[in-house]
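Reader: I am new to this structure. Could you walk me through how to read it?
Author: Gladly. Let us look at it together, one feature at a time.

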Amino acid sequence: MAMYAPKTILFHTLICLLLTMASQSKTSLNSNYYHQTCPQAEKIILQTVYNASMHDSKIPARILRMFFHDCFIRGCDASLLLDSTPGNQAEKDGPPNISVRSFYVIDDAKAKLEMACPRTVSCADIIGIAARDVVTMSGGPYWNVLKGRKDGRVSRANETINLPAPTFNVSQLIQSFAKRGLGVKELVALSGGHTLGFSHCSSFESRLRNFTSLHDVDPSMNNEFAQKLRKKCPKPNRDRTAGELLDSTSSTFDNDYYKHVVAGKGVFGSDQALFSDYRTRWIVESFAEDQSLFFKEFAASMVKLGKVGVIEDGEVRLNCRVVN
């Protein structure tokens with residue numbers, strides 16, 4: 001557990017930041033939305049996420065992925081948290097989201113918030129705040145989360161087809177992000193979220209064998225790295241847990257992901273494509289060389305992503321898994 005020692009310091013630093021944030025003018029979506037109605041909201045969420053991360057090192061990557069997958073479907077409305085019903089298969093049961101886990105962390109934070117400030121803090125805001133906190137406690141940047149989102153009432157598994165796939169090329173990625181009002185710089189910056197986490201073989205094994213009629217292995221992949229992945233993901237593969245860390249420091253939020261992409265060691269085809277295309281290559285190189293620049297752009301991009309599809313006239317769920 002010694003690996004979490006720096007997080008203890010970061011935790012107390014975060015508490016100070018939350019308590020000393022300067023007030024801003026009131027708008028429908030702003031960083032001090034709960035300043036009067038639930039001033040302890042962010043502290044409660046941070047404490048919950050921190051405690052969960054102390055017991056499970058996979059929590060930061062899972063919460064960050066949860067935020068991305070929620071915002072990319074119907075906007076940041078916590079539709080990903082809704083459970084399926086007999087008459088509807090919800091987003092969390094769509095194929096790309098089967099591996100999204102640790103919903104219990106959000107449930108735990110919501111339960112505590114309902115005790116402290118009943119019917120006040122939305123599930124959508126909890127995910128946004130938790131995503132920021134896991135990045136910061138993993139060594140990444142801090143930013144003020146804009147709050148005031150409301151929770152959606154619709155969640156459909158078939159809409160998860162709109163999530164960007166790990167096989168996308170840059171043109172497909174640009175188009176997907178543009179539909180959410182995000183540009184090329186945001187695309188490359190948010191891809192850096194892959195600095196945290198792990199992928200199962202199923203998401204990248206198509207790059208390792210029978211890639212094309214001319215190439216057995218994806219030629220954009222470093223050969224030594226490809227051979228390493230082929231050993232981890234044999235055919236047939238009976239180990240459903242087999243896979244690869246998305247960068248060599250997968251529990252630390254840093255710019256190592258970009259260094260791997262530059263070296264031809266991007267795990268996903270969509271990762272490596274960022275270095276193969278002139279529209280994105282220069283940004284990848286910039287972030288690989290300058291971590292502070294990456295942190296600045298990642299934080300700004302997370303704020304922008306957090307504004308996608310905001311519902312201001314929806315509801316505040318009492319239980320994040322079901323509509324009121």
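**Reading the model step by step**

Author: This is a predicted model, so a good place to start is confidence, which pLDDT gives for each residue on a scale from 0 to 100. Here the chain averages a pLDDT of 90, and 91% of the residues score at least 70.

Reader: Where does pLDDT stay under 50?
Author: Over residues 19-27, for which the model has 13 contacts beyond four places in sequence.

Reader: How many helices and strands are there in the chain?
Author: The chain has 12 helices and 2 strands. Along the sequence, they follow the pattern α-α-α-α-α-α-α-β-α-β-α-α-α-α. The radius of gyration is 20 Å, close to the 20 Å that the globule rule gives for 324 residues, so the chain is as compact as a globular protein of that length.

Reader: What share of the residues is buried?
Author: Buried means under 20% relative accessible area. In this chain, buried residues make up 52% of the 324 residues. As for the accessible surface, about 14,800 Å² in total, 54% belongs to carbon and sulfur atoms.

Reader: Is Pro236 buried or exposed?
Author: Residues over 50% relative accessible area count as exposed. Pro236 has 56% relative accessibility, so Pro236 counts as exposed. Pro236 sits in the loop between helix 8 (223-232) and strand 2 (243-245).

Reader: How many Å separate the C-alpha atoms of Pro236 and Asp290?
Author: They are 41 Å apart, with the two residues 54 residues apart along the chain.

Note on methods:
Residues are numbered from 1 along each chain as its sequence is written. This is a predicted model: local features need pLDDT of at least 70, side-chain atom pairs count only at pLDDT 80 or more; totals for chains, interfaces and linings use all residues. Side-chain values use heavy atoms; hydrogens and water are left out. pLDDT is the predictor's confidence in each residue, from 0 to 100. Contact means heavy atoms within 4.5 Å. Helices (H or I, at least four residues) and strands (E, at least two) are DSSP runs, numbered from the N terminus. Buried means under 20% relative accessible area, exposed over 50%, partly exposed in between (1.4 Å probe, protein chains only). The radius of gyration is taken over C-alpha atoms; the globule rule is 2.2 Å times the number of residues to the power 0.38. Accessible areas come from the Shrake-Rupley method with a 1.4 Å probe; for residues, only the protein chains shown count as cover.
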